[in-house]
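Reader: I am new to reading structures, and I would like to look closely at one single part rather than skim the whole. Could you choose one residue, go through its surroundings slowly, and then show me how they connect to the rest?

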Amino acid sequence: MRELFSDAELNGPKPYNPHVCGTKGTESKSQAESMQQIIYQTENFVKTTLHTDSTGHDFYHAFRVRDGALNIAKTEPGDKVVIELAALLHDISDYKFNGGDERKGGRVARAFLTDAGLDEYRVDRVVEVVNTVSFRGAHAESSHLVSEAKIVQDADRLDALGAIGIARCFAFGGHRGHPIYDPMVPVKMHSSFEEYKNHEGTSVNHFYEKLLLLKMRMNTPTGQAMAEKRHHFMQQFLDRFHTEWKGLV
Ligand SMILES: [Fe+2]
């Protein structure tokens with residue numbers, strides 16, 4: 001469990017200045033405690049909402065993204081409260097599982113955080129992050145990202161890479177009824193978000209259509225360095241997969 005936020009982490013959000021975190025703040029200990037309370041409430045909300053997920057988007061995914069985002073945030077500008085809350089809530093209602101509503105996650109996050117008593121500025125900022133972090137297709141135009149979204153997006157993408165990324169890929173593919181692999185199904189490099197989200201391929205193709213592209217699309221130096229290692233592990237896995245497929249080992 002995290003310790004209470006320091007004054008520096010809670011430095012006043014208006015007007016927004018991404019370099020302000022790490023300087024002497026003015027919020028009181030009771031404000032820090034109430035912010036910590038909102039974090040606890042958010043953890044519980046995410047846990048309750050996502051505890052039955054078996055697609056790799058369960059609450060442990062949200063918690064890993066939170067931990068990864070806070071790690072990246074040690075060397076990047078951004079409001080750490082916004083980063084933590086947005087990371088926890090980023091998949092609270094994913095369009096892939098809610099009938100295709102790309103904005104529902106943001107609406108759910110806004111309703112929850114407003115009810116929890118978070119200030120309006122941070123609510124808006126969290127909603128902005130939740131609405132913009134998703135992958136949109138190999139050749140599709142990316143969203144403009146605020147500084148906190150760059151960090152959360154990197155942490156989310158890291159959880160799609162490496163050993164955990166491999167496990168999540170096959171869990172999601174199974175949930176969607178996709179074959180593990182079919183050599184007759186070609187890899188598709190999607191040119192729009194519509195094309196990407198409606199595509200039904202194979203789990204192994206998903207590596208080439210998305211996962212192996214992510215290391216080139218990281219926003220931060222820390223994310224980039226971690227993505228390189230996880231990418232390498234996935235490449236080794238795929239080489240082995242294709243060799244076993246041919247019965248050669
Ligand atoms: Fe995610």
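**A close look at H57**

Author: Leaving out residues up to four places away in sequence, H57 touches L50, D91 and D94, where touching, or being in contact, asks that the C-beta atoms of two residues, placed from the backbone, lie within 7 Å. The model is a predicted one, in which local features need pLDDT of at least 70 and side-chain atom pairs count only at pLDDT 80 or more, while totals for chains, interfaces and linings use all residues. Residues are numbered from 1 along each chain as its sequence is written.

H57 lies in the loop between α1 and α2, the helices being DSSP runs of H or I with at least four residues, numbered from the N terminus (strands are runs of E with at least two). Although it belongs to a loop, H57 counts as buried because it has 21 C-beta neighbours inside 10 Å, and a residue is buried with 20 or more, exposed with 12 or fewer, and partly exposed in between. One of its contacts, D91, is 34 residues away along the chain, yet the C-alpha atoms of H57 and D91 are separated by 7.1 Å.

From the loop we can step back to α1, which covers residues 29-50 and packs against α3 with the axes 9 Å apart and an angle of about 10 degrees; axes are lines fitted to C-alpha atoms over the stretch in contact, and angles run from 0 to 180 degrees between N-to-C directions. That angle makes α1 roughly parallel to α3, a label for angles under 35 degrees, whereas those over 145 are roughly antiparallel, 65 to 115 roughly perpendicular, and the rest oblique. On the side of α1 the contact is made by M35, I39, T42, E43 and V46, and on the side of α3 by V81, E84, L85, L88 and L89. These residues divide into 7 nonpolar, 1 polar and 2 charged, with Ala, Val, Leu, Ile, Met, Phe, Trp, Tyr, Cys and Pro counted as nonpolar, Asp, Glu, Lys and Arg as charged, and the others, Gly among them, as polar.

L89 deserves a pause, since apart from neighbours within four places in sequence it is in contact with T42, V46, A109, V126 and V130. L89 is also among the residues with the most contacts inside the largest nonpolar core, together with A69, A86, V126 and V152. That core has 46 residues, and the largest share of it, 8 residues, comes from helix α3, residues 80-89; such a core is a set of buried Ala, Val, Leu, Ile, Met, Phe, Trp, Tyr and Cys residues joined through C-beta atoms within 7 Å.

On the other side of the loop comes α2, residues 59-72, which packs against α6, residues 147-158, at an angle of about 130 degrees with the axes 8 Å apart. That makes α2 oblique to α6. V65, G68, A69 and I72 of α2 make this contact with I151, V152, D154, A155, D156 and L158 of α6, and by class they come to 7 nonpolar, 1 polar and 2 charged residues.

For the wider setting, the protein has 10 helices and 0 strands, and 38% of its 249 residues count as buried. Among contacts between residues at least 6 apart in sequence, 61% join residues at least 24 apart.
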